Amino acid sequence: MPPQSAGFRRRDRAFPFPSPSIWPSAFRRRMRGDMEQQKGLDFGPGAEKPKPQRRTCTVSQLTDRLQGVLETEFFDVLVEGEVSNVTMPASGHWYFSLKDSSAQVRAVVWKTAARLIKFKPKDGMKVLVRGAVRVYPPKGEYQIAVEVIEPLGKGSLQQAFEELKAKLEKEGLFAAARKRPLPMLPRRIAVLTSPTGAVIQDILRVVERRYANLEIAIYPARVQGPEAVPDIVRGIRAINRVRGFDVLIVARGGGSLEDLWPFNEELVARALAESKIPTISAVGHETDFTIADFVADVRAATPSAAAEIVVGAKDELGARIEALRRRADGALNIRLARVRARVNALTQHRVFEAERGRIRNQAQRVDDLARRTRTGLLRRVERARERYRRAGERLEAFRWDRQIAQQRMRVATQEGRRAAFARLAGKLDSLSPLAVLGRGYALVFDGSGRLVRDAAEVSVGDPVRIRVQTGALAARVTGKEDV
């Protein structure tokens, strides 16, 4: 954003020289020495004042003093001039001269500043530079350390746009021969854009209205700001690594030249050129043009237009199919009408009269066969009905009540047997030793698990196990008693 006229800024100060704190170190040392010498002098009433002595300085000291004055006085200047003698060595720094009709000054752009400048200066270009005056002691020259360059009459972004456009066009990236056609019926498309903007909603709305079964994959990316370029490049390359996509749409809404600038970067342009998937550039409005528009296979005026281009192939194919269907129906109807007329003309010929007589005879024979078939079928139906009636009589003779009575007697016999079995089971249960335990008795087992029937089988101190109805007790013999 250059001002209306060239000039420079300077610090406001009350003295014609910079403050001592910013003088060169050598100059400060010399001033301190002079002051110390003056402290030893006696300028009394009768003393004779010494004559002033001229002091010499070296070239380095002079340059040091000039450097202190220039670099503090002209620390931020704006200079307008014509570029000449531009050199750009491998170090990344730029060197050139600024001149007018009567003077020139050297200028340097350090590599760190050159990375932020959108275009490269050329000989004869009118520019406005901003920077600081610096002294180069080895040559005793002063130069401008440039931070910002603006071309006069044309913005730096526009200048950079035209330079990159010319460069890529010369390399053939805009050539129509390398443009690929879009597929007739794409099944999967990838959209690289901001997921929160209105662009993706416009694309989805158009696709849903015209081609609802199209699969869309959205790759979220920043489309504005300093991080947009690496995001876009990564997105294009990532989508190309995934197989199955038929079209890649790179989309962004409208904005200023600065807002759309990520799509004017060389990295984005080359990533689009390297894409193996056919690309559509849908950046900005209809009047906006970016480098991406020239490199992509198809340029869409708006993101919505990009969606219409993708699904437009289906509409065109559908219209072509419908037109071909109507033409085929019309041709078939005409052909059928001609064949029908020819057949009618042939059937009226007398040659076919004898054949008609034979056909009538065959038709009569068919009628006779039909009557005979109908009669035979009726007879078979009557015989089937007779067999059905006899089967019913046999079923009637079969007495279900007798069969049921026999089964009931058999069931009663089984019930008697079950009751007898239950009584025997009860008797057997009453003889079980466990039943005795239920009446309060217990079983005693020695340490080896044998049943103790006599007190003599165990000794005092032996462990015993006592079994009761619901569990067992561990005990030890403490004594014996006679019963």
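In this predicted model, helix α5 buries Val199, Ile200, Ile203, Val206 and Val207. These five lie on the same side of α5, because the arc they cover around the axis is only 130°. On the face turned away from that buried side, α5 carries the exposed residues Ala198, Glu208 and Arg209. The helix itself runs over residues 198-210, and its 13 residues reach 19 Å from the first C-alpha to the last, which is close to the 18 Å expected at 1.5 Å a residue.

Turning to the nonpolar interior, the largest core of the model holds 48 residues, and those with the most contacts inside it are Phe96, Val109, Val146, Ile149, Leu192, Leu248 and Ile291. Helix α6, residues 228-241, supplies the largest share of this core, with six residues. A second core, separate from the largest one, has 20 residues, among them Leu214, Ala300, Ala306 and Ala307.

Two residues illustrate how contacts are made beyond the neighbours within four places in sequence. With those neighbours left aside, Val146 is in contact with Phe96, Ala107, Val108, Val109, Ala113, Val129, Arg130 and Gly131. Ser84, which lies in strand β2 (residues 76-87), is in contact with Phe96, Ser97, Lys99 and Asp123 when its neighbours within four places in sequence are likewise left aside. Phe96 thus appears in the list for Val146 and again in that for Ser84. Ser84 counts as buried because its relative accessible area is 8%, under the 20% limit applied to buried residues.

Further along the chain, three strands form an open sheet in the order β12-β13-β14, with antiparallel pairing. At the edges of this sheet are β12 and β14, each of which pairs on one side only, and the twist from one strand to the next averages 25°. Strands of a sheet pair through backbone hydrogen bonds, in either the parallel or the antiparallel sense. Between β12 and β13 the antiparallel pairing extends over three bridges, and Leu443 has Arg467 in β13 as its bridge partner.

The strands of this sheet are listed below with their residue ranges.

| Strand | Residues |
|---|---|
| β12 | residues 443-445 |
| β13 | residues 463-468 |
| β14 | residues 471-476 |

Conventions
Residues are numbered from 1 along each chain as its sequence is written. This is a predicted model: local features need pLDDT of at least 70, side-chain atom pairs count only at pLDDT 80 or more; totals for chains, interfaces and linings use all residues. Side-chain values use heavy atoms; hydrogens and water are left out. Helices (H or I, at least four residues) and strands (E, at least two) are DSSP runs, numbered from the N terminus. The expected span of a helix is 1.5 Å times one less than its number of residues. Buried means under 20% relative accessible area, exposed over 50%, partly exposed in between (1.4 Å probe, protein chains only). The arc is that of the directions from the helix axis to the C-beta atoms. A nonpolar core is a set of buried Ala, Val, Leu, Ile, Met, Phe, Trp, Tyr and Cys residues joined through side-chain atoms within 4.5 Å. Contact means heavy atoms within 4.5 Å. Two strands pair if DSSP finds at least two bridges between them. Axes are lines fitted to C-alpha atoms, for helices over the stretch in contact, and angles run from 0 to 180 degrees between N-to-C directions.
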